[in-house]
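Q: Please take a close look at one part of this structure and describe it step by step. I should like to understand how the details fit together, and what they touch.

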Amino acid sequence: MNALKVLKIGPAASVQDGGRPGLLDQGVSRGGAADVLALAEGAALLRQDPGLAALEMGGMGGTFEATAPLRIALTGAPMAATLDGAALAWNASHRIEAGQRLDIGPARRGVYGYLHLGGGIDTEPVLGSRSAHVAAGLGRAVAVGDLLPAGPDAPGETGLTLAAEDRFQGGELRIVESFQSALFPPDVRNRFAETEFTRGSRANRMGVEMLSDGEGFAAAGQLNILSEVIVPGDVQMTGDGKPFVLLREAQTTGGYPRIGTVLPCDLPKVAQAQAGASIRFRWVSLEEGLQIQDAYDRALRALPGDCHPLLRDPADIQDLLSYQLVSGAVSALADPFATGGDT
Amino acid sequence: MTSHVASDFPMIRTVGLTGMLVTFADALSEPSNRATLAFRQRLEALGLDGVLETATSLASVYIRFDPAILDHHRLQARLEEELSTRDWYQQALPPGRRFWRVPTVYGTDLAPQLAEAADAAGMSEAQAIDSLGSARVRVLTIGFAPGQPYLGPLGPEWDLPRQTELTPMVPRGALVLAIRQFVLFSSATPTGWRHVGQTGFMIFRPESEAPFALQAGDELQFEPVSRADFLKLRESDAAMGGAIAEEIPA
């Protein structure tokens with residue numbers, strides 16, 4: 001079996017795919033990758049189906065050893081990555097050989113980095129998905145000693161790269177009104193859009209806290225609301241009027257009122273915002289929101305065509321001397337007396 | 001929610017970018033829950049092109065759709081048309097429902113907040129067990145966690161508020177109570193509701209062929225058993241804890 005063996009791993013790493021749509025009526029929220037754009041980018045770089053599963057690494061990567069030759073891609077929050085000590089480009093696809101060791105360090109920007117395998121990570125699906133949904137009792141975090149098996153992979157190209165949209169430092173979130181928006185007086189909704197928030201420290205795959213100075217954002221009759229459906233992107237106001245942007249692993253229903261819903265295409269920006277990142281909300285009409293999302297969906301489908309070969313300027317290659325630039329040439333730094341084999 | 005005149009309901013509103021919500025009332029009631037279940041069933045039977053998923057909450061039906069196939073105006077018009085075909089508040093409950101009898105130990109160290117709940121309802125513990133153990137409640141909705149039912153309504157004497165503090169953890173199978181409803185927990189969880197009973201009924205088993213035991217509209221009775229009998233049942237019937245189901249004739 002082609003697999004990656006997990007030798008070291010951060011505390012918040014799990015296998016994720018597109019999640020489990022369709023089980024809302026059974027109380028199971030969709031879940032899936034926190035940054036679905038990263039899933040699509042990895043699939044494009046490996047020329048494969050975006051429905052395949054990848055390893056999501058929250059804040060910190062890990063160390064892996066290949067049991068057989070594999071194709072990989074690295075996307076999402078940029079992390080320092082090396083293969084047997086040699087630097088690997090992020091947002092790119094690579095080939096690794098059996099026994100090679102892949103090291104992925106902490107996130108340099110953003111939160112969630114992704115490690116994709118050619119053929120996808122082929123763990124057993126539960127209820128139609130390989131995504132761990134820990135709050136729902138489905139799956140668990142990846143641990144030291146686990147094997148991440150690769151699905152069948154046709155020999156394919158590697159060495160592709162993709163210019164990634166920078167979504168790792170907050171910014172503007174576009175939001176539409178939803179069924180409870182009218183519970184918030186117009187002046188509260190306006191003030192919400194004029195407020196500069198920072199991402200708070202309470203953040204996980206269920207939702208992200210937004211902090212601001214000044215008073216909270218309260219709804220009228222806030223405590224007498226029947227529990228209603230929650231959708232990803234909903235901005236829920238807790239009892240003291242503090243906003244949480246809910247992500248795809250939020251509970252399926254809730255009683256706290258929601259001022260509006262962030263567009264799906266802006267949710268990677270929420271998940272990837274580091275603590276302290278600055279965030280603003282901008283109201284858009286339903287019509288405008290649909291157009292923005294439609295354009296984004298089209299861009300996502302076009303990603304495979306945006307990949308190009310990973311060409312590096314030799315001046316940027318720190319390990320240039322380890323490359324065999326001319327067949328048979330001898331490196332100036334190599335020990336001429338080394339008998340080889342164990343470099 | 002601000003008060004609405006009765007004619008505001010049923011009400012259709014948008015949910016985010018690609019959802020719609022049909023709401024039958026702004027407070028929980030028998031007829032509005034009945035309407036919710038019947039209307040969702042009708043939508044499922046219609047199988048409208050572009051509808052991706054439907055789900056119910058206590059008094060609303062949520063519809064998630066693909067606006068590229070079914071746009072907002074057409075879906076809204078279709079929902080209005082469907083709503084006008086009959087009085088949804090008078091509809092029969094959907095067929096295929098089941099009645100579950102679930103052995104339950106009330107109080108003891110296994111469900112330590114019975115005494116407190118009885119007291120708040122102005123009853124002795126024995127009276128509380130009689131009242132709760134004889135109540136036949138319905139799955140009003142499933143939500144919050146996988147397969148987890150909100151059950152009710154209980155009598156007005158059980159209109160107890162949530163606790164101000166969270167109970168840090170109650171076990172899987174815990175029967176908790178607040179605001180004239182039970183919740184039966186599908187996994188260990190913190191809760192602001194009172195833990196009055198404990199069952200061995202595993203309502204969500206992700207690895208099994210039928211992962212979700214209950215459906216909205218099912219009815220349940222939590223029949224009192226002794227602590228000793230409960231422990232025996234849990235041992236001999238790890239998945240169901242002695243719970244048995246029969247079809248409710250349509």
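A: P10(B) is placed in the segment that comes before β1 of chain B. The model is a predicted one, and the values that follow are to be read in that light. The peptide bond that joins F9(B) to P10(B) is cis, with an omega of about -5°. Such a bond deserves attention because most peptide bonds are trans, just as most residues other than glycine have a negative phi.

Chain B has further places of this kind. A cis peptide bond also runs from G152(B) to P153(B), where omega is near -10°. P153(B) belongs to the loop between β7 (149-152) and β8 (167-170) of chain B. T108(B) departs from the general pattern in its phi, which is near 60° and thus positive although the residue is not glycine. T108(B) is found in the loop that lies between β5 (98-106) and α3 (114-120) of chain B.

We now return to the strand that follows P10(B), and with it to the boundary between the two chains. Here 40 residues of chain B are in contact with 37 residues of chain A. Together the two chains bury about 3000 Å², and 62% of this area is on carbon and sulfur atoms. Between chain B and chain A there is 1 salt bridge. It is formed by the side chains of D25(A) and R40(B), with a distance of 2.7 Å from N to O. In addition, 12 residue pairs are in polar contact across the interface of chain B and chain A. On the side of chain B that touches chain A, the elements giving two or more residues are β1 (11-15), β2 (19-23), β3 (51-56) and β4 (60-65) of chain B. Of these, β3(B) supplies the largest share, 4 residues. By type, the residues on this side of chain B comprise 22 nonpolar, 12 polar and 6 charged ones.

Aromatic rings also form pairs, and over all chains the structure holds 13 of them. One of these pairs is made by F24(B) and F39(B): the ring centres are 5.7 Å apart and the planes stand at 70°, so the pair is edge-to-face. F24(B) lies in the loop between β2 and α1 (30-46) of chain B and F39(B) lies in helix α1 of chain B; the pair therefore links distant parts of the chain, 15 residues apart.

A last place in chain B is G242(B), in the loop between α5 (227-236) and β14 (244-247) of chain B. Beyond its neighbours within four places in sequence, G242(B) is in contact with R101(B), P103(B), L233(B) and D237(B). V139(B), by contrast, is 103 residues from G242(B) along the chain, and the C-alpha atoms of these two residues are separated by 19 Å.

Finally, the partner chain may be considered. In chain A, 6 strands form an open sheet with antiparallel pairing, in the order β7-β6-β9-β4-β1-β11. Its edge strands, each of which pairs on one side only, are β7 (86-87) and β11 (147-149) of chain A. Within chain A, strand β6 (residues 79-83) and strand β9 (residues 101-107) run antiparallel and are joined by 4 bridges. T82(A) stands opposite D103(A) in β9(A).

Conventions: Residues numbered from 1 in each chain as written. Chains lettered and ligands numbered in written order. Predicted model: local features only at pLDDT ≥ 70, side-chain atom pairs only at ≥ 80, totals over all residues. Heavy atoms only, no water. Contact = heavy atoms within 4.5 Å. Buried area = accessible area lost by both parts, 1.4 Å probe. Salt bridge = Lys/Arg side-chain N within 4 Å of Asp/Glu carboxyl O. Polar contact = N/O pair within 3.5 Å; in protein donor to acceptor, adjacent residues only side chain to side chain. Nonpolar A, V, L, I, M, F, W, Y, C, P; charged D, E, K, R; others polar. Pairing = 2+ DSSP bridges. Phe/Tyr/Trp six-rings, centres within 6.5 Å; stacked < 30°, edge-to-face > 60°.
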